[in-house]
Structure formats: structure tokens, C-alpha cells
Amino acid sequence: MNNVTQIVQKVRQAPWRVQRQWIGLFLLGLVLAAMVAGIYLNITARATLAGRQIQMLQSNTVNDEPDITDNRRISSDLETQLAGLTSVESMQQRAEALGFQPASPDDMTYVIVPGYTPRKAVDMSTPSSDQPQAPSLLPDYTESLFDWITRRLASSVPAGGQP
Amino acid sequence: MRMIYFGRYLAIAIVMALAGIAIPIQIIRVQSSPEVAGITGQGAYIWKTFYPARGEIYDRHGHLLAGNKTVYEVGVDLTVEPDAQTIALAAQMALGMDPTEMLKKMTDVPDGTQYIVLDDFVAPDKAEQLMKLQENAQADPSGRNLDALHFKAHLMRSYPENDLASTVLGFVTEDNHGYLGVEEKYDNVLAGIPVTLLVPADPRRATEYPRIPPGQTLILTIDREIQAAVEHILDTALASTGAESGTIIVMDPRTGEILAMSSTPRMNLNEYQRVSEIFPGETPFNRAISQAYEPGSVFKILTMSAALDTGTVTPGTIFLDTGSITVGGNTIYNWDRGAWGYQDMTGCLAHSLNVCLAWVSTQMGNDSFYAYMQRFGLGHPTGVDLAGEDPGRLKLPGDGDWYPVDLGTNAFGQGVAVTPLQMVMAATAIANDGKMVYPHVLYAQLRDGHQSDMSPQIVGTPISTQTAHTIREMLANALESESSDALIPGYRIAGKTGTAQIPTPYGYYDSDNINASFIGWGPLDDPRFLAYVWLEKPQSNKAASVVVAPIFKQVIEKLIVLMNVPPDNVRLQNTGQ
């Protein structure tokens, strides 16, 4: 029994085995470092892509896809086109083409309708006065790995700076 | 064997260790290298100016009067060695530009220039034509290309109603500056505030831009249906009377809201470059606020109001009209040089007797008469929110050009210069129970989705409520007794004509031409509208009662329909009176 124990102990303490353990540990560290580097590259690439998309959305170039500015411009342009199509002159022409004619006081018949309220001026207020705000970018899209580590470390320190 | 394995393991370990060290080093090196920073823009920031869209202008019912449309800036990127010949030819085809000039523009540029603008404010159809040429050129095997052409879309002012309410709106030039009318008066509000930001070029540092608020949207008191009707009536009136120019104002006398304001000439605001052609010399852009003139007999409503308010006369005061009166050493006659005998004050208004009104003003005296005229706001701008208002001229005792006879002539609207809007504002005191209201065209401002409505402002109470009721009754009776052409069956209105001679630069009055005016409001007991019509130098007739009263009637007939004003009997039945 003692012999067996001694043999096992010798094998464990064999120089080639110790060296192999060290190499294994080193390789383990290396793999971990490679994983961290890979994650870093992945996150940085995604953050860069997201940032580029944001820049494209904020930019104002005709050759790209319509962006926020373009959409606002197109909306304004369409509204003006619509106003032109429904201008007084256009509407009068369409009404005349349909056989209508301007009313005179003699054409009018007034009926008393209890509770009737005359036409009032327009109220163009939106239901909520708060304009929809673009969602703010999460720090995940902009911060680097080092920023993230710093932030996590800072957030782990209790208020007052006491560990 | 073990040594062999050890060597292999060691070699693998060294290689992997070197790789493990090299990768982070390379990452750091790449990120911090100036070449990569130059490509990605790391650390680089660009100053970028954001121009907010110009605020829109709507009428009181939400119809767009001034909006924005898309136009293009066409430029050439000089960093890609442009095919200047092809670009010049394409610009000639699509934009009608001189190719020689284009070539010169692209070649005679300072060193380091990266981009030049060929043309701006290009219409979408022309820009699209050029884009099509660019697209076709890409498939051209000859090597000609338009790759260096760049198109940048942006907005410019557009007026979908063309010339409707043009004298009220004013216009905006290509440099986004408003001129005349609302566009100039509210230029700062409409244009918004450009914001310049330092923007990171590095996509990893992309940040959220702050929201650039567009220019504020304005809602005017103008009703486009009434405006269109008034403009049509005015144009027709000018054609039928041969008048040189005309002006019509429609206002709500209870609030001072201007529902329509038109004068001639007008112009299509989308062609503002023609402004000097359409308004040559000193032609006013908006006569309603910019052209002071001697209004003639419409002024008598102010004189009589002042006299009633001071107690100088009552409606029943009898005046013996002998056909002339001497004031300050000068003799004043009636419009027909006739003597009308005994007249009460309503008769004086009904027959528009200059002699009677001159007597009234002399009974009041200088101090009282001119104090009242100033309380009516004469001689000062009304403060209307439109650019280019003329203050008019009310000569006062003590002024170098004031003479004692002016007390007599001013009483019937001679020797005093007012704008149509000044007369309208003064008349609101009579129509509105003595309270004179501030005339304005801004109904509301819209900012961040919140609408702020203007509140009516009373600028003074020149006469008492009792006086206002008395004078409006006298004016209604005067119209009815004369069977005026301005009357409309079923509606009781107050009003007064004005036939005024036109002073010449030589100190005498033009015997061939007149200014014909009419001011009136209704319904008498609850005024919803006040209208002022002025025709300059009508040729068809020299009497306002013949020329302008029917035009006033046309305006009122339209207002009744468009504003849903029922006849007096229906309205009073509804209110239980």
C-alpha cells in the first residue's frame, strides 16, 4: 500500500508533470486573454457599426437612405404640395366643375339649433405638449471595454468612497 | 520521448504566448496610430451648423398659407478629378447654364478647394433630370462620367396659395430673410435659431444631437375664404370702376382680428424676384397700412363721435346750413356747394354736410377736437404686427404747417392723412361700445406642440359706451334714410361713405379724381364684422355712394354667408330678445 502511494506521489512530483501543469496553466491564461480580446473586438465592432448607423441617420445626404432630416424635409414638402392641391383656387375650380356655385344670402336658410356652437379658429396643439424625444443611446453602444470596467468598478464602490 | 514532447509543448506555448501578446499590442497600436485615426476620424471633430426649417404660416382655420418645399444644391466634388466637360454639358442640358462659365467655375478655383456649388435652389424636376444623366453616365463605356456631381436637398419658402393674402404675408428671399408683412415682422420667430455643434467624426463616439427646434409656426387671424372673396371683389371692382388701386379690410371689431386685408397690386409670392417690377417706384406693398391719404367724409364719424362725447351736440341738435362757413379766414362749402337748411346731426351725417361738421368742430375748439383725434390713435402707427406701417399725419395746433382753417377741414377728413387701418382701428371704438381694439393678424403661435393664442387688447376708450351706441344708431339711420346701396335686407348695419378730393403737390386739389371710401359694420347691436373699402381714382363715377357702397354691400353679402351671420330677426329670436 505504501509502495503504491509512493509511486503515485513520484508520478505527481515528476518534473515533466509539473512542467505540463505550468504549461496548462499558461495556456488557460492565454485562452482567457484571447477570449477577452475577442469580446472586446466584438463589442467595439458593434459599437462602431451602431455609431455609424446613427451618424447616417443624423446626416443629410441625398445618396444615402432617407434620414431623419430628409424625412422632415419630405414631410414639409408634401404638406406644401397638399396645400397647393387644396388651395382656394383649386377647390373653387373643382367645385365649379362639379356644378356648385357660390351661395348668396338669399340661398341661406337659418334654423335655430339649441347648443350649436359656431365654427371656431383652429387649435393645432398636439394632444401632449411633450415632443417625443429620440431614445438616448445606452452607454453599452458607446463605451469601450476599459470604460465598462471603470464604470463597473466605480459602481461597485459604495458612496463616500469607502470600500 | 518526454524531452521531444516538452520541446513541442514549449514551442506551441511560445508561439501562442507571442500571439497572445501581439494581438492586444496590435489592437492598441491600430487604435492609436495616426493613419487609422485619420481614416476613422478618431479624435477628429467637425463644426456643423444646423439650420432649422422655417416656421409655417396658417390661416385661422388651419389652411397653409406659407410652407416649405424641396429644392437642391448642385455641387461638384473636386477631390475625385471631375469630368468637367461632361458636367458642363449636363448642366447646360438640365439647368440651362452656360457651359463655358461652368468650365471656368470648375477650373479656376483656389488650391485646396474640395467642393464648389454649381447652382442652388434648383427645382426638383431639373435636379432629377441631372441625376438621371448621372445615372446614365455610369453605364457609358466612353469613360465620360458625372460621378463628381453632388446633390444636396434642402427647403425653401413656398406659398401654395400664390398671390392670396400676399400683401399681408410678405416674402422670404433665398437667404432666408423675410421682407414685408408677416414674414418680416416675425422673421426672428419664423426663422428659428441656427445651432452650430462640434460633431465627432468617429462613429464610436457618435452622440445624440440636441433637438434643433424648427421656427415657430404662426396661425393668422386671416380667413382664407374671406380673403379670397375680398380679393375677387376688389379685382372686379377695379375692372368695373377703372380705379387706379383699391384696398379692402375686414376686421372683427370685438377683438381686432383682421379677417381679410387686400390691396392692389398683388403678386405671386413664389416669384418674389418680380417685386420691383410689380411695385415700381414708391408703390406701397400693402396700401392698407402703408399709404396714408385724406379719407374725406368717412372721417366725419370720428368728429361726430367726439362732439357727442363732449356734449357739444346731441343727435337732435339743429344746425342751419347756409351752404358755407368761414373758419380761420377761409370759406368752407358743402360737397355740392348747396345749402341744406335746418338739419339735425343725423341729417348732417346722412347728407355728409361739410359745413355742418366744420361748425361742429369749431364748437368743440382746437384742444378738445385734437385731443379726441389723438385718442382715436390718429397720427401714430396702430402697431399692427405687419412690417412697413405708415403713421399717417395729424397736424396739431402749433405745428408749422397747421392753420386755423384745418380745424374746419379736418372735421370732414381734409388736411389729415390716415391709413385705412387707422380708420378701421378708430371705428372699432364706435362699433365696440367705446372700446378701441388693437388690430392684429397673429392669432396664435405654435411651439413644441403648444398653441399660445393672442388675447384681444383694448388700446383705449376714446368715447363712452353711451356715445358709441348713439353714433352707431345715427349712422344706421343715416344709411336707411338715404336708401344707401350698402344696405342688405334683414341686416341692420352702420356705415358712412367718403368722397375725398385728392391733394396735388402744387397745393390745390385735383378736380378730376377722387378717393372713394366706405366704412361700415354689422350687425348693429352685435357687430361681427367691420369692413373698409377704398378705391383710388375711380373713373366710372365721382361719388362714393355710387361707386363704393355697392362694393361694400358685396363684401357684406359674402361675410354673411362665410361667417354664418343670420338675419337680425333670426339672431334675436335665438338669443331670446
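In what order do the five strands of the open sheet in chain B follow one another? The order is 11-10-22-21-20, with antiparallel pairing. Here two strands pair if DSSP finds at least two bridges between them, and helices (H or I, at least four residues) and strands (E, at least two) are DSSP runs, numbered from the N terminus.

Before going further, a word on the ground rules. This is a predicted model, in which local features need pLDDT of at least 70, side-chain atom pairs count only at pLDDT 80 or more, and totals for chains, interfaces and linings use all residues. Residues are numbered from 1 along each chain as its sequence is written, while chains are lettered from A and ligands numbered from 1 in the order in which they are written.

**Confidence**

The model scores ipTM 0.83 and pTM 0.81. The table sets out pLDDT, the predictor's confidence in each residue, from 0 to 100.

| Chain | Mean pLDDT | Residues at 70 or more |
|---|---|---|
| Chain A | mean pLDDT 79 | 83% of residues |
| Chain B | mean pLDDT 90 | 97% of residues |

Within chain A, helix 1 (residues 2–12) has the lowest mean pLDDT of the elements, 74, and helix 4 (residues 88–97) the highest, 95. Residues 159–163 of chain A stay under pLDDT 50. Where pLDDT is low, the predicted coordinates should not be read in detail.

**The sheet of chain B**

Back to the sheet: strand 11 (257–263) and strand 20 (494–503) of chain B are its edge strands, each pairing on one side only. From one strand to the next, the twist averages 10°; axes are lines fitted to C-alpha atoms, for helices over the stretch in contact, and angles run from 0 to 180 degrees between N-to-C directions. Helix 20 of chain B packs on this sheet and touches strand 10, strand 20, strand 21 (509–522) and strand 22 (529–536) of chain B. The direction of helix 20 makes about 145° with that of strand 22 of chain B. Six antiparallel bridges link strand 10 (residues 245–252) of chain B with strand 11 of chain B, and B:Met251 has B:Ile258 in strand 11 as its bridge partner.

Elsewhere in chain B, strand 1 (residues 45–50) runs antiparallel to strand 8 (residues 195–200), joined by six bridges. B:Phe50 stands opposite B:Val195 in strand 8 of chain B. Strand 1 of chain B is hardly covered, with zero buried residues among its six. A residue is buried if 20 or more other C-beta atoms lie within 10 Å of its own, exposed if 12 or fewer, and partly exposed in between; C-beta atoms are placed from the backbone.

B:Glu231, in helix 9 of chain B, counts as buried because it has 23 C-beta neighbours inside 10 Å. Not counting residues up to four places away in sequence, B:Glu231 touches B:Leu164 and B:Ser262.

**Where the chains meet**

Chain A has five helices and zero strands, and 5% of its 163 residues count as buried. In all, 47 residues of chain A are in contact with 54 residues of chain B, contact being C-beta atoms, placed from the backbone, within 7 Å. Helix 1 of chain B gives the largest share of the side of chain B that touches chain A, 10 residues. That side divides into 28 nonpolar, 14 polar and 12 charged residues. Ala, Val, Leu, Ile, Met, Phe, Trp, Tyr, Cys and Pro count as nonpolar, Asp, Glu, Lys and Arg as charged, and the others, Gly among them, as polar.

How values were computed
Two residues are in contact if their C-beta atoms, placed from the backbone, lie within 7 Å.
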